[in-house]
Amino acid sequence: YGLTPMQKGMLFHSLLDPHSGAYFEQATFDLRGSCNVDAFAKSLNILTQRHAALRTNFYSGWKEEPLQVVYQNKSSELYYEDLSEKNESDREAYMAEFAEKDKARGFDLAQDALMRVSILRTEEETYRCIWSFHHIVMDGWCMSLIIREVFESYFAILEKRQPELAEVSPYSQYIEWVGRQDSKEATSYWSDYLTGYEQQTTLPKVKPQGKAEGYVSEKLTYVLGKELTERMNQVARQHQVTVNTLIQTVWGIILQKYNGNQDTLFGSVVSGRPAEIPGIESMIGLFINTIPVRIRCENDAIFSEVMIRNQEQALASRAYDTYPLYDIQALTEQKQDLINHIIVFENYPVEQQMEQWASYGQASLAIANVEMIEQTNYDFNLVILPGEALTLCFRYNALVYEQASMNRIQNHLVHIMEQVVDNPHIRVNDLQLVTAEEKAQIVGAFNDTGAAYPGEKTIHQLFEEQADRTPEQVAIAFEDEQLTYGELNTRANQLARTLRANGVQADQLVGMMVERSLEMIVGILGILKAGGAYVPIDPEYPEERIRYILEDSGAQVMLAQSHLQGRIPDCGVFVALDDEISYSTDGLNLERNNGSDDLAYVIYTSGTTGKPKGNLTTHRNIVRVVQATNYMDITEQDKVLQLSSYAFDGSTFDIFGALLNGAQLILISKETMLDVRELAGFIERQQISTMFMTTAFFNVLVDINPDCLRHLRTILFGGERVSVSHVRKALQHLGPGKIKHVYGPTESTVFATCYDVNEVEEDAVTLPIGSPISNTSIYIVNETNGVQPIGVAGELCVAGDGLARGYLNRPELTAEKFVDNPFVHGERMYRTGDLARWLPDGNIEYLGRIDHQVKIRGYRIELGEVEAHLLKVASVLEAVVIAREDEAGQKQLCAYFVADKELTVSELRESLSEELPGYMIPSYYVQLEQMPLTVNGKVDRKALPAPEGSSNTGTEYVTPSTPVEQTLVSIWQDVLGVKTVGILDNFFDLGGDSIKSIQVVSRLFQAGYKLEMKDLFTYPTVAALSPHVQLTSRVADQGEVRGGAGLTPIQHWFFEQQLAETHHFNQAVMLYREQGFDEAALRKTMKKIAEHHDALRMVYRQGESGYEAWNRGVHEGELYSLEVVDLKDTLDAAKAVEAKANDIQASIDLSEGPLMKLGLFRCAEGDHLLMAIHHLVVDGVSWRILLEDISAGYEQAVKGHTIRLPQKTDSFQTWAQQLAQ
C-alpha cells in the first residue's frame, strides 16, 4: 500500500535522522498478579496476526514512492527476564537502564517488528512491562485497544476457550478512503486559511536560537485542579464551545503576547478517524494528523467572541483535517518552518483505560503505574489529558528549552486561564501574562539598584572638591601639554567669570565648537561653573546642521577656537578659548548659582523629522553615572582615555568619570585615533587603564592589535549589536574581570546597563547588555505598558536618576517618549524603541530596534531623517533608507529611491553631505522604477533588493596599471565586498567608511605599504591615492626560500641525542568544527601556508659530517599531506580517530618530508582536524602564528577570495645563518 500523509511525514523524519528517537512510543506499567509468560506470548501473536498494521514494514526506494508492505506471517517480539533476585535499588536502576536502552535501540522501519514487549519480573507476582512501538504503525488511541485485546486472548488461553474478539476492519480501508479525498478543495481551503500569515510563531527560550542537534526528552506535568477544570467546562458550555477550543484560544493569545503579534499559528493533532468508515473505532493503525490552528484577534477584542469564532473555524477545518501537513506547508512561504510546536488534546485517557483492567475470573492481573513516553520531531508539545482535573503535560527537548522556561510557560497558561474563567468577556489586552511572583521579581528584585551618591551636588562642585584634595595631581594631558587639578580649576574659574560677565546664568545654553585640546575641557568646566549648559558642536558638521543647532538651542554665547570662528554663524557673543583675553585674572571658585537639577549640557541626536533633537541633560543625570556606581570604580590611580567625540554622550563617561574621581584624563588627536596602529601604541605608551569605545571601534582594535589592551584595568564598549567573535578574542588576550558591555540611550545619560564579560559560552550568538546600573530601573513592556515575562521580547524602557528632562523645544515628542512610570507613582520612564528581553539571571538581551531607528558605528540614526534629506534632492520622488549588514556583520545604510531621471551616487552623496554628517550618509544607493508595496499599500521593506557588490558610482571603469594600484584595488574589493573596482571609483561611494578605511590601512601595512589615514579621506580614489602610498622602511625578502640551512644550537642538540625515533618528535593540535570543514578551501589554505612559511618545507638528511638541513622549494616534493577519513557511521569514532592520528604522526619522515601532516576526520557530531608538525620546524610561538594565518586563510578561501597572509619576516634559513655567525 501507499502511506497515509502522517506516515509519510514520520518516514521522512526517520530517514532524515534514524537515531533521533522521533516517534518512538514506549508505555511502561506494572502487572500485579500471576502472569503466565507463555500464554502472554501466544496472545501477542494472536494480536499480530489479526492486525495487518503490526505485520508491516516500510520501504522508501520503490519507484520513488514509499510503500508499506504487509507480511502474511510476522511474529511479535517478546522478551522476558527475572529480576526478583536483585535488591530493590539495583532492580530499579536496571529497569530504568533497560528502558533507556530499549528506546536507544529504536526501530528499523524496513525490517524490525515495529512493536515489541519486554516483561521484567520484579517480585513473586509483580512485573514491569515495557511496551514499545513506532508511531508509524499506530496512534495512542490504539494502545488501549490492543491492551484490551491482548488480555482478552490471554485469559481465554488460560481458560482454554476461544477469545471473544470483534471482527477486524483492515487499515487498508482507511488508506483507500484517504486516496478518495478531494485534494483540490482541501488545497483551496488551507490556502485561504493561511493567506496573509507571513511570520513565524515562536516560544520564549533562553538557549540560542536555531535547530538543536539531538533530542533530550523531558516533561513537566501540572494538574489544573477540579475547581478550575469545572469552571472551564462551565465557560465552554455557556458559549457552546469545546474545552479544547477554550484552551486553544487561551494558548493562541499567550502566543500573541509572546510574539508581539496579533496573528499566531501552532499545530493541533486531530484524531483523523472518519465516522463513515465501518469499524473505524476499533481499527489499529495511524490516523492522527497535524493541522495548523490560526488565532487572530485585535488587542481590544473580547475573549469570548474570539473563542466562539475559533470554534466555528475549527468546525470548518474538520472537513479537511486529513490533508497532509507537508502539503499545507508547501502552500506557505515558511514551508517546513510553518509550525514549530503542537497541542494534543487527548480525548482518550489511555493510562486510565489501561488501569481499569483489574481482574477477570479466577485469574487476575492488575495494571498500575502506567506511563507513556512519546517523542515527536517538535521541540515542544503541549498535551492535555482529560479527567475530573485536567492535566497539562509539557513535553520538550531539553537541548532547546530549559525547565525554568517550561515552568514560566505553565504559570502563564494557568494565570490566563484563571482570568478568562473569572471573566470570559475580558478584553485580550487586559489579560496579564505575568504572575504576581514574576512581576515582583522583575519590577522589584531585578531593579533593586538604589544606592547613595552625591546626587544633590553639581558637577563643578564635585570637581572643585576633587581639586582641593589633589591640586598637584595631573588632571588632563594632551600631546605635550597638561594641567593639574589645581591649574584646571583655576583656568576654568577664569573663563567662567568672563562668561558670567557676558550674561551666562543657570540653565542658559552656551554653544561650543572646539577641536580636541585642553581648551575643550576648560571650556566645558567654565560653562558649568558659570551656571550654563554647554551645547557641543562637532567642527566637522555641515554648515546647515551647525546653523540649525545654534538656532534651535537659542545659544547667545559661543565658545570656540579662533581658527573655527569662520564656521560659526553670528550668534551674539563669541569667546575665543585660545585667546588669553577670554580669561579673567580672578581664578577663585565662583559662588554657585545653579543646582543638580539644572542643565549641564544639550547634546543633539538624530531626529525623525529630518532635524536633530536636543537632549536636556542635568548635573544629577551625569553624577549618577560616574559617582558611587555599582558597575565600576574610577580611582585617582587611573588614566582614562578620552576617545569619544565631545558631541557624543559617551564623552560624558570619559570626561567626568575621570575628573570627578581624581583620575588623569588623556586626550588624543583625531589623527592618532583614526590610525589604529598608532592608537594601539598610544594606549600602551600612556599606560591607559580605563576607556570606553563604540562596538565598531572595539572590533577593529581587537582585529588589529588586541595585545594593546592587555594592560587596561577596564575597557567598556557598546553602542550597537555585539560581535561575539571579537569579544571572545579580546577575552583571550585580556582575561576575565576587564571587559564590560554597556548600553544606554542618550536620553538616560550614557549608560543604563552594564554586563561584565568574564566568559563567552561556546554556543553564544550574542552577549547580554547586562543589568541596570545604580539608581536606574529597566522595564521591558508590551504595547500597553504591561510587564513582559522573562524571556519575552518587549520595548526596553529606562527610569531613574539618569533620565533627561526631555527634548529642547519638542514638548509633543517629550510627552510621547518620556511617559509616566506605571510601576512607580510620580516618576517618569523613557521608551527607547529598543527591543529586548529579560534573562532568568536578571541580565538583559538586546534584540534590535522596534522602529526604524538604527545605530551605525555607535551613532543613533533616525532613518526618517536621512529619508527626509534624500527627498529634498532634486528629482527624487520617493525614498526609503534601511540598515543592512555586510558580510563582516557591520551595519551599513542603504538608500532606495525613485526619481524622474537617472541619478549617480556622487550626485546624491554631494547633496546629502551639505546637511548631514558623514555617519548619516548611506553607503549604498539603489534606484528603483517603483517601490515594492505590501497588500496594505505600505512599502514592503522585505522586498527591497540587496545592493549589488558594485554600487552605481557613475564613473568610467579604468583598470589598475601599477603594483600599488593593483594592491589597492584588491584590498578595496575584499574590505568593501565589491567584485569590481576601478581606479576612478570613490571609496565612499562604494560603501567605505571610517571603520573600513582603518581596515584598508591595516591590510596595506600587511602588504608592505604605509598609508596615512587622512590621505584616504582626502584622496578617495585609487588613482588619486596611489601616489601617497609608500613602501614600509624595511621589508624582508618575500621570495621563495630554498637551499641548505645551518642547524641551530637546539637542532644540533636534538640530533646529538641519537633518539631511536627521530622522525616522531612531533607537536600536534586537534581542531573541531561542528559544521565541518570545506575540504577544497582547507587544501587551498594549507598549500598557501606551506608556500608562505618556508620552514615548513624543511627536511633533514644524514650527511658525511652529520645531519644537514635543506629547505625544499615549493615545487620540490609534497608540501603537506592530508588524509580524509569518514567516521560518520563508526560506533566508536573516538577510538578510530586516536588510532588513525597515531598512524599519521608516525608516518613523518625527516629525510623525505613533508614535516607537516594532517588528518581530517568526518564524524557524526562534526569534523576534527589533526595537524601534526615535527618539533624541528615549529614551537609554541610558531603555532600561534600558524593558527592565526590558517584561520584567516581558510576564511578567505571559503568566501572565494584570494588568500592573502601578512608579509613574511626574515626566513628561518637567514636566522640560522646569523646564529652561526
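Glu479, Asp480, Glu481, Glu515 and Glu671 come together on the surface as a patch of negative charge. A patch here is built from residues that have over 30% relative accessible area and no salt bridge, with like charges joined within 9 Å and nonpolar side chains (Val, Leu, Ile, Met, Phe, Trp, Tyr) within 5 Å. Asp and Glu count as negative and Lys and Arg as positive, while His and the chain ends are not counted. Each charge is placed at NZ of Lys, CZ of Arg, CG of Asp or CD of Glu. The areas themselves come from the Shrake-Rupley method with a 1.4 Å probe, and for residues only the protein chains shown count as cover. The model is predicted, with local features needing pLDDT of at least 70 and side-chain atom pairs counting only at pLDDT 80 or more, whereas totals for chains, interfaces and linings use all residues. Residues are numbered from 1 along each chain as its sequence is written, and side-chain values use heavy atoms, leaving out hydrogens and water.

One member of the patch, Glu481, lies in strand β16 (residues 481–484). Glu481 has a relative accessible area of 47%, so it is partly exposed. In these terms, buried means under 20% relative accessible area, exposed means over 50%, and partly exposed lies in between (1.4 Å probe, protein chains only).

Next comes the chain as a whole. It contains 35 helices and 49 strands; both are DSSP runs numbered from the N terminus, with helices (H or I) having at least four residues and strands (E) at least two. Along its principal axes, the C-alpha trace spans about 120 × 95 × 65 Å. Of the 1221 residues in the chain, 57% are buried. Helix α22 (residues 695–704) is mostly covered, with nine of its ten residues buried. Those buried residues are Thr695, Ala696, Phe697, Phe698, Asn699, Val700, Leu701, Val702 and Ile704. Strand β34 (residues 828–838) offers another example of a covered position, Thr832, which is buried at 1% relative accessibility. The C-alpha atoms of Thr832 and Val798 are separated by 7.4 Å, and the two residues are 34 apart along the chain.

Charged side chains also pair up. The structure holds 43 salt bridges, each being a side-chain nitrogen of Lys or Arg within 4 Å of a carboxyl oxygen of Asp or Glu. In one of them, Glu124 meets Arg121 with an N to O distance of 3.2 Å. The partners sit in opposite settings: Glu124 is exposed at 60% relative accessibility, while Arg121 is buried at 16%. Lys457 and Glu465 form another salt bridge, their closest N and O atoms being 2.9 Å apart. Here Lys457 is partly exposed, with a relative accessible area of 29%, and Glu465 is partly exposed at 25%. A further bridge joins Arg685 to Glu678 at 2.9 Å, N to O. Arg685 counts as exposed at 55% relative accessibility, and Glu678 as partly exposed at 32%. Salt bridges can also be linked, as in the network of Glu1079, Arg1083, Arg1162 and Asp1167.

The backbone has some notable spots in its loops. The peptide bond from Gly1153 to Pro1154 is cis, with omega near -10 degrees. Pro1154 is placed in the loop between α33 (1133–1146) and β48 (1156–1163). Ala628 is not a glycine, yet has a positive phi of about 50 degrees. The loop that holds Ala628 runs between α18 (619–626) and β23 (639–642), and at 43% relative accessibility Ala628 is partly exposed. Gln687, likewise a residue other than glycine, has a positive phi near 55 degrees. Gln687 belongs to the loop between α21 (676–685) and β25 (690–694) and is exposed, at 59% relative accessibility.

Finally, the cysteines can be considered. A disulfide is a pair of cysteine sulfur atoms within 2.5 Å, and by this rule the count is zero. For Cys129, the closest cysteine sulfur is that of Cys35, and the two do not bond because 8.3 Å between the sulfurs is too far. Cys129 is buried, at 0% relative accessibility. Cys754 is buried too, with a relative accessible area of 9%.
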